[in-house]
Amino acid sequence: MAGRDEIVFEDFFPAMVEKLGAEGFMTELCNGFRLLMDGEKGMITVESLKKNLALLGLQGMSDDELVCMVSEGDLNGDGGLDEMEFCTLMFRLSPALMKSSRTLLEEALVSEMQSFN
C-alpha cells in the first residue's frame, strides 16, 4: 500500500498497446511528448512539465520531484527530454512493456517494412 505522500501510477500502457497496436501506441506516445514539450525548445523541460501538471493529474508535485523526473530520462545531459528520451523513459517505467518490447519492436518493424512495399 502506498504511503500518504507517495504517488502511485497504474500502468495502462499494455492495455493501450493491445488496443492500438504497436504503431498506434507509438503515435500516442509521440502525441504525449508534443503535449508536454516546450514548443520553443522542442523538448520536455521542468518548466513545461510544471505548466502541464494538471493534465497529468500531478498538481501536488514539487520542483525537486519534477527535476528528478526529467533527470531520470535525460540521457544526453541537456536538461530536458527529447522525443526519443521521453519514449525510452516511458518504456523503462512500464515493467509490462519492457517484457513485451521485443514483440512491439517486431510489430513496428513489420509495419514499417510493409509501408515501403
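Trainee: How much area does the protein chain expose, and what share of it do carbon and sulfur atoms supply?

Mentor: In this predicted model, the protein chain exposes about 8200 Å², and carbon and sulfur atoms supply 57% of that area. Buried residues make up 29% of the 117 residues in the chain.

Trainee: What makes up the secondary structure of the chain?

Mentor: The protein chain has six helices and zero strands, so that from the N terminus on the elements run α-α-α-α-α-α.

Trainee: Why is the pair of F25 and F91 called edge-to-face?

Mentor: The ring centres of F25 and F91 lie 6.1 Å apart, and the planes stand at 80°; the cut-off for pairing is 6.5 Å and edge-to-face applies over 60 degrees, so the two rings count as a pair of that kind. This pair links distant parts of the chain, with F25 in helix 1 (residues 13-36) and F91 in helix 5 (residues 83-92), 66 residues apart. F25 and F91 are both buried.

Trainee: Why is the pair of F33 and F86 called tilted?

Mentor: The centres of these two rings are 5.9 Å apart, and their planes meet at 50°; because that angle is neither under 30 degrees, as stacking would require, nor over 60, the pair of F33 and F86 is tilted. Here too distant parts of the chain are linked, F33 lying in helix 1 and F86 in helix 5, 53 residues apart, and both residues are buried. The count of aromatic pairs comes to two.

Trainee: Which residues does F86 touch, leaving aside those up to four places away in sequence?

Mentor: With those set aside, F86 touches L29, G32, F33, L36, I44 and L81. F86 is also among the residues with the most contacts inside the largest nonpolar core, which has 20 residues; the others named are F25, L29, I44, L49, L66 and M90.

Trainee: Which helices each supply at least two residues of this core?

Mentor: Helix 1, helix 2 (46-51), helix 4 (63-73) and helix 5 each do so, and helix 1 gives the most, with six residues. As for helix 5, its buried residues are E85, F86, C87, L89, M90 and F91, while at its start a side-chain oxygen of D82 reaches to within 3.1 Å of the backbone nitrogen of M84.

Trainee: How do you know that C87 is in no disulfide?

Mentor: The nearest cysteine sulfur to that of C87 belongs to C30 and is 4.6 Å away, whereas a disulfide requires sulfur atoms within 2.5 Å, so C87 is in none. The count of disulfides comes to zero.

Trainee: Are C87 and C68 buried or exposed, and why?

Mentor: C87 has 7% relative accessibility, and because the cut-off for burial is under 20%, C87 counts as buried. C68 has 54%, and because exposure begins over 50%, C68 counts as exposed.

Trainee: Why is A108 called partly exposed?

Mentor: A108, which is placed in helix 6 (residues 95-116), has 29% relative accessibility; since this value falls between the 20% and 50% cut-offs, A108 counts as partly exposed. The C-alpha atoms of A108 and A22 are 5.8 Å apart in space, although the two residues are 86 apart in sequence.

Trainee: What share of the contacts between residues at least 6 apart in sequence join residues at least 24 apart?

Mentor: In the protein chain, that share is 42%.

Key. Residues numbered from 1 in each chain as written. Predicted model: local features only at pLDDT ≥ 70, side-chain atom pairs only at ≥ 80, totals over all residues. Heavy atoms only, no water. Phe/Tyr/Trp six-rings, centres within 6.5 Å; stacked < 30°, edge-to-face > 60°. Helix = DSSP H or I, 4+ residues; strand = E, 2+ residues; numbered from the N terminus. Buried < 20%, exposed > 50% of the residue type's maximum accessible area, 1.4 Å probe, protein only. Polar contact = N/O pair within 3.5 Å; in protein donor to acceptor, adjacent residues only side chain to side chain. Core = buried A, V, L, I, M, F, W, Y, C linked by side-chain atoms within 4.5 Å. Contact = heavy atoms within 4.5 Å. Areas by Shrake-Rupley, 256 points an atom, 1.4 Å probe, with all protein chains shown as cover.
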